[in-house]
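Please open the structure in a viewer and keep the selection panel at hand. The tour below proceeds by selections, each followed by a description of what is found there.

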Amino acid sequence: MAENIEHNERILRKVRKQIEFYLSDANLSKDRVTCCTYSEAISSGGIPADFFLKCNRVKERITTIAEIEEALKTSKYLQFADGKVFRKFPFQPRTNQDRCTIYVENIPSYATQEKVRKWFRPYGKVVYVSLPKSKAGTIKGYAFVEFNTEEEAERCKASHQESGMYIENRDPAELLSVKTFEGFEDHEGETETAEPENQPCESAEEVHSEEVTKEDVATQFRILSRTN
C-alpha cells in the first residue's frame, strides 16, 4: 500500500514538473503550439487542462483532469482552477537564448534529457535541453543546453577552454550537428526538457546517485558557444 502511494506521488511529481516546463519562459519562447495556446488562453485565465492530456509526456502517465489538479497542488508556478491551468507569474519571453546556449558533443548513446541537465547543472540552472535523435530513434551524439543566464553559459565555456575541450576554429562541416543532418524531418525526433525558472531542488530519490563536478563535465564533453 505504501509503495503504491509513493509510486503515485512520484508520477504526479513528474507530471507537475512536465507541465511547469511546458509553461516555462524557456519553452514558451520556442514552442509555437504551446505559446499560441497560452496566448489565446490569457483572456480566459488559463489553458484548458485537457490540452495537456494530449501531450505525450503527460498522457503516458495520467489520463484525467483530476490527476492534473492533484499534481499541480504543490506547484509554486502554476495554478489549477475551473478545469484550467495558468501561470502565477507573467510570461517573459527570453531574448538572449543564443547567448545562454551551448552546443555539446560526445553525448553518450545512453543519454537522456534528465542526465544531460544534471551533467551540466554544476555550471548553473539548466532551463532547456534539446537532444536530437536520428530517424531511427538513436541519440546523435550532440545536444543543445540552455542556461538560465549568460554568465552561467560563459562559466561553462571558460571551464572547457581551460580543459582543452572547447571547440576552437573547427570547420563547421565537421560538427556532428551538420554531419548527421537528415533534413527537417529530423526535428520530429528531438526530445526536450527543462526545469522552470527558480525550480526548487529535486527530492533525494530523483537526484543521480553519482555526484558530477565541473571537472568531470569539462573533460568529457566538447562544447561550442552558440555565439562563439
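Two strands are said to pair if DSSP finds at least two bridges between them. Helices (H or I, at least four residues) and strands (E, at least two) are themselves DSSP runs, numbered from the N terminus. This is a predicted model, in which local features need pLDDT of at least 70, side-chain atom pairs count only at pLDDT 80 or more, and totals for chains, interfaces and linings use all residues. Residues are numbered from 1 along each chain as its sequence is written, and side-chain values use heavy atoms, with hydrogens and water left out.

**Colour by confidence**

Begin by colouring the model by pLDDT, the predictor's confidence in each residue, from 0 to 100. The protein averages 82, and 82% of the residues score at least 70. Helix α5, residues 65-71, has the highest confidence, at 97, whereas strand β7, residues 191-193, has the lowest, at a mean of 43. Next, select residues 184-209, where the pLDDT is below 50. Beyond near neighbours in sequence, this stretch has 73 contacts in the model, a contact being heavy atoms within 4.5 Å. Where pLDDT is low, the predicted coordinates should not be read in detail.

**Strand β6 and its partners**

Select strand β6, residues 142-147. Is it enclosed or open to the outside? The strand is largely enclosed by the rest of the structure, because 5 of its 6 residues are buried. Here buried means under 20% relative accessible area, exposed means over 50%, and partly exposed lies in between (1.4 Å probe, protein chains only). Add β4 (101-105) to the selection: β4 and β6 pair in the antiparallel sense over 5 bridges. Within this pairing, I102 has V145 of β6 as its bridge partner. Then add β5 (126-131), which pairs with β6 in the antiparallel sense over 4 bridges. V129 also stands opposite V145.

**Helix α8 and A153**

Move to helix α8, residues 150-163, and pick out A153. This residue is buried, with a relative accessible area of 5%. Leaving aside neighbours within four places in sequence, A153 is in contact with R99, C100, I102 and F147. R99 and A153 are 54 residues apart in sequence, yet their C-alpha atoms are 7.4 Å apart in space. Two cysteines may be inspected next: C100 is buried at a relative accessible area of 0%, and C156 is likewise buried, at 0%. How many disulfides are there? With a disulfide taken as a pair of cysteine sulfur atoms within 2.5 Å, the count comes to 0.

**The largest nonpolar core**

A nonpolar core is a set of buried Ala, Val, Leu, Ile, Met, Phe, Trp, Tyr and Cys residues joined through side-chain atoms within 4.5 Å. The largest one has 28 residues, of which I19, L23, F52, V58, I68 and V85 touch the most other members. Two or more residues each come from α1 (2-22), α2 (25-28), α3 (32-41), α5, β2 (78-81) and β5. The largest share, 5 residues, is that of α1. Another core lies apart from this one; it has 27 residues, among them Y103, W119, Y123 and I223.

Now centre the view on I68. Not counting residues up to four places away in sequence, I68 touches I19, A49, F52, L53, I62, F80 and V85.

Follow I19 into helix α1, where the buried residues include I19, L12, V15 and F21. This helix has 21 residues and reaches 30 Å from its first C-alpha to its last, close to the 30 Å expected at 1.5 Å a residue, the expected span being 1.5 Å times one less than the number of residues.

**An open sheet and two loops**

Select β1, β2 and β3 together. These 3 strands form an open sheet in the order β1-β3-β2, with antiparallel pairing. β1 (47-48) and β2 stand at the edges, each with a single partner strand, so one side of each is left without a neighbour in the sheet. β1 and β3 pair over 2 bridges, and P48 stands opposite K84 in β3.

The loop between β2 and β3 (84-87) holds D82. D82 has a positive phi of about 55° although it is not a glycine, and it counts as exposed at 78% relative accessibility. Finish at N106, in the loop between β4 and α7 (113-120). N106 also has a positive phi, of about 75°, without being a glycine, and is partly exposed, with a relative accessible area of 37%.
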